[in-house]
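User: Take me through the packing in this model, one question at a time. Keep each answer short and end on what I asked for.

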Amino acid sequence: MARRAFYSFHYQPDNWRASQVRNMGVIDGDAPVSDNDWETITRGGDNAIQKWIDNQLQGKSCTIVLIGANTAGRKWIKYEIEKSWNDGKGLLGIFIHNLKNREQMQSGKGRNPFEDFTMKRDQAALSSIVKAYDPPYMASTDVYNYIKSNLGSWIETAISIRANY
């Protein structure tokens, strides 16, 4: 079954890293938004941003949170995680700090954004249910290859976890 994914990430610092993952060709992803388009969306305020996110999530089977240095705690990342979980979508995270950006720089490792949520049913942290993968390499090319080799199975695992929870 073809899987379609929504990518959630902190746009300004991680757009370059996110585009590397999105362009791997492993799965069908959401269409990238240009800087100009994103500025137009954000000028519409919170309602326009929420509507855009909701529209982007339609028809997706999984949300992939690309975790950079400052992803956790961001308002719209939190919204995307909560909406995805509540809509029954698979959910996973990938730490992308060791992928290089446009300036060929890596960044510091960010905090797991799933730690910000507690499941009402059993008071478990969402981070104990949703997997966040941290590629075990320092070289950007090795991180890229690791993500590309595993992304398909990570998505299937995320969908299975959500279906069974």
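User: Which residues of strand 3 lie on the side with Cys 62, and which on the other?

Analyst: Strands here are DSSP runs of E of at least two residues and helices are runs of H or I of at least four, numbered from the N terminus. Both faces of strand 3 are covered, with every residue named here buried (under 20% relative accessible area; exposed is over 50%, partly exposed in between, with a 1.4 Å probe and protein chains only). Cys 62 shares its side with Ile 64 and Leu 66, while the other side holds Thr 63, Val 65 and Ile 67.

User: Which atoms are left out of the side-chain values?

Analyst: Residues are numbered from 1 along each chain as its sequence is written, and because this is a predicted model, local features need pLDDT of at least 70 and side-chain atom pairs count only at pLDDT 80 or more, while totals for chains, interfaces and linings use all residues. Side-chain values use heavy atoms and leave out hydrogens and water.

User: Why is strand 3 described as largely enclosed by the rest of the structure?

Analyst: The two faces of strand 3 are both covered. Strand 3 is largely enclosed because its buried residues number six of six.

User: With how many bridges does strand 3 pair with strand 4?

Analyst: Two strands pair if DSSP finds at least two bridges between them. Thr 63 stands opposite Leu 91, and Ile 64 stands opposite Leu 92. Strand 3 and strand 4 run in the parallel sense, and their bridges number six.

User: Which residue in strand 3 does Ser 8 stand opposite?

Analyst: Strand 1 and strand 3 also pair in the parallel sense, over four bridges. Within strand 3, the residue opposite Ser 8 is Val 65.

User: Which residue in strand 5 stands opposite Ile 94?

Analyst: Strand 4 pairs in the parallel sense with strand 5 (residues 132-133) over two bridges. In strand 4, Ile 94 lies on one side with Gly 90 and Leu 92, while Leu 91, Gly 93 and Phe 95 lie on the other, and these residues are all buried. Opposite Ile 94 in strand 5 is Tyr 133.

User: What is the handedness of the β-α-β unit made by strand 3, helix 4 and strand 4?

Analyst: A crossover is right-handed if, with the strands pointing away from the viewer, the path from the first strand over the helix to the second runs clockwise. The unit of strand 3, helix 4 and strand 4 is right-handed.

User: Which element gives the most to the largest nonpolar core?

Analyst: A nonpolar core is a set of buried Ala, Val, Leu, Ile, Met, Phe, Trp, Tyr and Cys residues joined through side-chain atoms within 4.5 Å. The largest has 23 residues, and Tyr 7, Val 21, Ile 64, Leu 66, Leu 92 and Ile 94 touch the most other members. Two or more residues come from each of strand 1 (4-8), helix 1 (11-22), strand 3 (62-67), strand 4 (90-95) and helix 5 (140-164). With seven residues, the top contributor is helix 5.

User: How many residues does the second, separate core have?

Analyst: Its members include Ile 67, Phe 95, Phe 114 and Ala 124. The size of this second core is 14 residues.

User: Is Thr 71 buried or exposed?

Analyst: Thr 71 is found in the loop between strand 3 and helix 4. Leaving aside residues up to four places away in sequence, Thr 71 touches His 10, Asp 14, Val 65, Leu 66 and Ile 77 (contact means heavy atoms within 4.5 Å). Because its relative accessibility is 0%, Thr 71 counts as buried.

User: What is the angle between the planes of Trp 76 and Tyr 79?

Analyst: Rings of Phe, Tyr and Trp (its six-membered ring) pair if their centres lie within 6.5 Å; planes under 30 degrees apart count as stacked, over 60 as edge-to-face and the rest as tilted. The search of the whole structure finds six aromatic pairs. Trp 76 and Tyr 79, three residues apart in helix 4 (residues 75-86), form an edge-to-face pair at 5.7 Å centre to centre, with the planes at 80 degrees.

User: How far is Arg 162 from the ring centre of Trp 85?

Analyst: A charge sits over a ring if NZ of Lys or CZ of Arg is within 6 Å of the ring centre and within 35 degrees of the ring normal. Lys 109 sits over the ring of Phe 95 in this way, 4.6 Å from its centre. Arg 162 lies over the face of Trp 85, and its distance from the ring centre is 4.0 Å.
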